[in-house]
Amino acid sequence: MLIILLPLILINWVRNLKFLAPFSTIANFVTLVSFGIILYYIFREPISFEAREKVGTMSGFALFFGTVLFALEAIGVILPLENEMKSPKKFGGNFGVLNKAMILIVTLYVGMGFFGYLKYGSAIKGSITLNLPEEEILAQCVKGMLAFAIYITHGLACYVAIDITWNDYLKKNLGDSPRSVFYEYIARTVLVLITFLLAVAIPNLELFISLFGALCLSALGIAFPALIQTCTYWHHRKGMAKVWMVTKNSIIGVVAILGLVIGTSTSMIEIIHTFGHDD
């Protein structure tokens, strides 16, 4: 991990979102090829529904909720991406960039999750790649390809965090220092080191993914947007349009709160149980 740290820092030194886009394109291509190989291992033997539970338990739903939120949540990148587009109006709308991308992503996630469960059942691990045959080179290449795809998009994932930390806090306190660019690179390096240390320190990643999804993203990605829309359009919507907005956002808010409370508590219990069992 120390060997890959230096290139990771250099990737996060890229300051313009436009220059990070090619990394995302390469990662998407590598991911699709990896998915194809994973599907080959899933379907090379007949799929069977035997010994597969058709409906999950309510106790597992909270972990599912948090994991799904973590997987689909991209609220931190959506607004910067829209702002950097040549034609930002094409981003939203019924047939905009966002909806097209999310339909494709959800289809891939649902398909991989569904057929992965049919193949491996309850023995499936936190990442489906861990179920692939360890003795086959092609299966191990998939792990490397997906790790590479995540690796080169680390800068994109950290873009908003770095932008907010530097521009909204550190840069204001430093003023017009002639070394501001140097200090910015130091800030970027420190943030990468924080994520690096978390990756080293945290085992059982799937449980922490569920925890962060339920704890942070249920509020950030579901509750807050509903609340902001209600406050923004409160005096602009009239009649049934206003009733529909309030009703819709109230239901979304309740779902978010339930996901926050139940998902967080369930994830914490599972984490305590797992580490207690390991000890």
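**Contacts and packing in an all-helix model**

Apart from residues up to four places away in sequence, Thr-266 touches Ser-59, Ala-62 and Leu-63. This threonine, which belongs to a predicted model, sits in helix 10, the element that covers residues 239–278. Thr-266 has a relative accessibility of 16%, and because buried means under 20%, Thr-266 counts as buried. A further distance helps to place this residue: Leu-211 is 55 residues from Thr-266 in sequence, while their C-alpha atoms are 8.4 Å apart in space.

With one residue located, the whole chain can be considered. The protein contains ten helices and zero strands, so that, read from the N terminus on, its elements follow the pattern α-α-α-α-α-α-α-α-α-α. Along the principal axes, the C-alpha trace spans about 60 × 55 × 45 Å. Of the 279 residues in the protein, 29% count as buried. Contacts also link distant parts of the sequence: among those between residues at least 6 apart, 76% join residues at least 24 apart.

The packing of helices can be followed by starting from helix 2. Helix 2 (residues 17–43) and helix 6 (residues 137–152) pack with their axes 9 Å apart, at an angle of about 155°. Because angles over 145 degrees count as roughly antiparallel, helix 2 is roughly antiparallel to helix 6. The crossing in which helix 2 passes helix 6 is left-handed. On the helix 2 side, the contact is made by Phe-23, Ile-26, Ala-27, Val-30, Thr-31, Val-33, Ser-34, Ile-37, Ile-38, Tyr-40 and Tyr-41. Helix 6 contributes Leu-138, Ala-139, Val-142, Met-145, Leu-146, Phe-148, Ala-149 and Ile-152. Sorted by class, this contact of helix 2 with helix 6 has 17 nonpolar residues, two polar residues and no charged ones.

Helix 2 also packs against helix 7 (residues 154–174), where the axes come within 9 Å and cross at roughly 145°. Here Leu-17, Leu-20 and Ser-24 of helix 2 meet Gly-155, Leu-156 and Tyr-159 of helix 7. The residues of this contact divide into four nonpolar, two polar and no charged.

Helix 7 in turn packs with helix 8 (residues 180–201), the two axes coming within 10 Å and crossing at roughly 130°. That angle makes helix 7 oblique to helix 8. In this case the crossing is right-handed. The residues that helix 7 brings to the meeting are His-154, Ala-161, Ile-162, Thr-165, Trp-166, Leu-170 and Leu-174. Facing them in helix 8 are Ser-180, Tyr-183, Glu-184, Ala-187, Arg-188, Leu-191 and Thr-195. By class, the contact of helix 7 with helix 8 has eight nonpolar, four polar and two charged residues.

The nonpolar cores come next. In soluble globular proteins, nonpolar side chains tend to be buried together. In this model, the largest nonpolar core has twelve residues in all: Phe-35, Ile-37, Ile-38, Tyr-41, Ile-42, Met-112, Tyr-120, Ile-128, Leu-132, Ala-139, Val-142 and Leu-146. The elements giving two or more residues to this core are helix 2, helix 5 (97–120) and helix 6. Helix 2 supplies the largest share, five residues. A second, separate core has eleven residues, including Leu-8, Ala-149, Val-192 and Phe-196.

Leu-146, a member of the largest core, offers a closer look at individual contacts. With neighbours within four places in sequence left aside, Leu-146 is in contact with Thr-31, Ser-34, Ile-38 and Thr-129. Thr-129 lies in the loop between helix 5 and helix 6. At 7% relative accessibility, Thr-129 counts as buried. With its own neighbours within four places in sequence set aside, Thr-129 is in contact with Ile-38, Val-142, Lys-143 and Leu-146.

Gly-121 is also found in the loop between helix 5 and helix 6. With a relative accessibility of 1%, Gly-121 counts as buried. Beyond its neighbours within four places in sequence, Gly-121 is in contact with Arg-52 and Gly-116. Gly-121 and Ala-161 are 40 residues apart in sequence, and their C-alpha atoms lie 37 Å apart in space.

Conventions
Residues numbered from 1 in each chain as written. Predicted model: local features only at pLDDT ≥ 70, side-chain atom pairs only at ≥ 80, totals over all residues. Heavy atoms only, no water. Axes fitted to C-alpha atoms, helices over the stretch in contact; angles between N-to-C directions. Helix = DSSP H or I, 4+ residues; strand = E, 2+ residues; numbered from the N terminus. Parallel < 35°, antiparallel > 145°, perpendicular 65-115°, else oblique. Left-handed = near helix turned anticlockwise from the far one by under 90°. Contact = heavy atoms within 4.5 Å. Nonpolar A, V, L, I, M, F, W, Y, C, P; charged D, E, K, R; others polar. Buried < 20%, exposed > 50% of the residue type's maximum accessible area, 1.4 Å probe, protein only. Core = buried A, V, L, I, M, F, W, Y, C linked by side-chain atoms within 4.5 Å.
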